[in-house]
Amino acid sequence: MESNCPPEFLAQILSRYALPTPTARPHVTLTFAQSLDAKIAGAGGRQLVLSGKESMIMTHWMRTLHDGILIGIGTALNDDPQLNARHLPPRATPYALPRPIVVDSLLRLSPNCKLLKNYQNGVGRRPWVICSALENTGSEISHGLTTSRLQRKQALETAGAKVFEISTTDTQLPIPSILQTLRGNGISSVMVEGGAQIISSFMQEDVVDALIVTVAPTMVGEAGIGYGFAGSSPDSVVEFQSLQHVYTGVFGKDSVVAFCTDGTKGG
Ligand SMILES: NC(=O)C1=CN([C@@H]2O[C@H](COP(=O)(O)OP(=O)(O)OC[C@H]3O[C@@H](n4cnc5c(N)ncnc54)[C@H](OP(=O)(O)O)[C@@H]3O)[C@@H](O)[C@H]2O)C=CC1
Ligand SMILES: Nc1nc(O)c(N)c(N[C@@H]2O[C@H](COP(=O)(O)O)[C@@H](O)[C@H]2O)n1
């Protein structure tokens, strides 16, 4: 256990994983850092370091608790993240590293990204890429992709990625199918780190067992990137009935608030 994580926080979060894993999907922890005005990135998607040192360590510690860590291709392309636990203090027993999972319908991920470089250098788990089983030529052209779908798949596999194809008729990959694929391939717990569209989709599907939000004392402004919820309107709010507040704490300058389900949903 890391000293940066208060025992009551640990107890609440770890109790989620003591519950039986749902049969149809992994345990899902949705976590991100936001400003006071609920932005997770700057104008045009500029990556912001919102978390201070203490809450960032908490996030890295959380990463080690999960089998997988999932992001959308928007975050992968924008941030080129590593998704490891490098901010944790060194210790004799290596930390468990989560498997990076990128949701990427069209296979836009770069074979030169840090996730693949780290894997090639033996300092990261093999990344998994989840894509659509169907080609979408219109979208591929609009994203300026010049190589064929098969060429992109082969380039990613050559670089070390494992590619999973999911059937979909939608422009986006269905979250339940993604989760089912992960569960079927040995992932019992997944930490979803964003970005904006992925956060919105997971909230929309109501498949979140733990929601852990770092709130930094920062204002980003209206041009910043936030997440949304299609079911909400100016006249109504959407309540997550199954999420109960379990912890609020101070990590350096940030507040971290955690909600968990009672473990009865998920099938
Ligand atoms: N503060 C924080 O904690 C964090 C901030 N960020 C920030 O978020 C921003 C990126 O967010 P965003 O651009 O929204 O990108 P996302 O990382 O949310 O990826 C979105 C893309 O994922 C693909 N996708 C496929 N299926 C789905 C689905 N069911 N739901 C949602 N997306 C799906 C789509 O691309 P396609 O159709 O090509 O498959 C979509 O455009 C960056 O600026 C980053 O810095 C990111 C993480 C955490
Ligand atoms: N917890 C947290 N705080 C912030 O301020 C952030 N910007 C993020 N971003 C997420 O972390 C990823 C970067 O991870 P690495 O440092 O490369 O390991 C980034 O892509 C977002 O998913 N998170």
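These notebook entries record what I looked up in a predicted model with two ligands.

**Entry 1, the annotated domain.** I began with the UniProt record, an unreviewed entry, which places the feature "domain: Bacterial bifunctional deaminase-reductase C-terminal" at residues 26-225. I noted that this span is 32% helix and 20% strand, and that its end C-alpha atoms lie 28 Å apart.

**Entry 2, strand β1.** I then turned to β1 (27-34). I found that 8 of its 8 residues are buried, so β1 is largely enclosed by the rest of the structure. I recorded that H27, T29, T31 and A33 point one way from the strand, whereas V28, L30, F32 and Q34 point the other way. In a regular strand, side chains alternate between the two faces of the sheet.

**Entry 3, partners of β1.** I looked up which strands pair with β1. With β6 the pairing is parallel, over 4 bridges, and H27 stands opposite S189 there. Strand β7 (residues 210-215) also runs parallel to β1 and is joined to it by 6 bridges; in this pair, A33 stands opposite T214.

**Entry 4, ligand 1.** I listed 30 residues around ligand 1, of which G72, G74, S105, G194 and G195 come nearest. Elements giving two or more residues to this shell include β1, β2 (68-72) and α8 (196-205), while α3 gives the most, with 5 residues. By class I noted 14 nonpolar, 12 polar and 4 charged residues.

**Entry 5, ligand 2.** I found 18 residues around ligand 2, and A33, L50, S51, D79 and P81 are the closest. Here α2 (53-64), α3 (73-79) and β6 (189-194) each give two or more residues. The shell has 8 nonpolar, 8 polar and 2 charged residues.

Technical notes: Residues are numbered from 1 along each chain as its sequence is written. Chains are lettered from A and ligands numbered from 1 in the order in which they are written. This is a predicted model: local features need pLDDT of at least 70, side-chain atom pairs count only at pLDDT 80 or more; totals for chains, interfaces and linings use all residues. A residue is near a molecule or strand if its C-beta atom, placed from the backbone, lies within 6 Å of it. Ala, Val, Leu, Ile, Met, Phe, Trp, Tyr, Cys and Pro count as nonpolar, Asp, Glu, Lys and Arg as charged, and the others, Gly among them, as polar. UniProt positions are given in the numbering used here, feature names are shortened, and annotations may be inferred rather than shown by experiment. A residue is buried if 20 or more other C-beta atoms lie within 10 Å of its own, exposed if 12 or fewer, and partly exposed in between; C-beta atoms are placed from the backbone. Two strands pair if DSSP finds at least two bridges between them.
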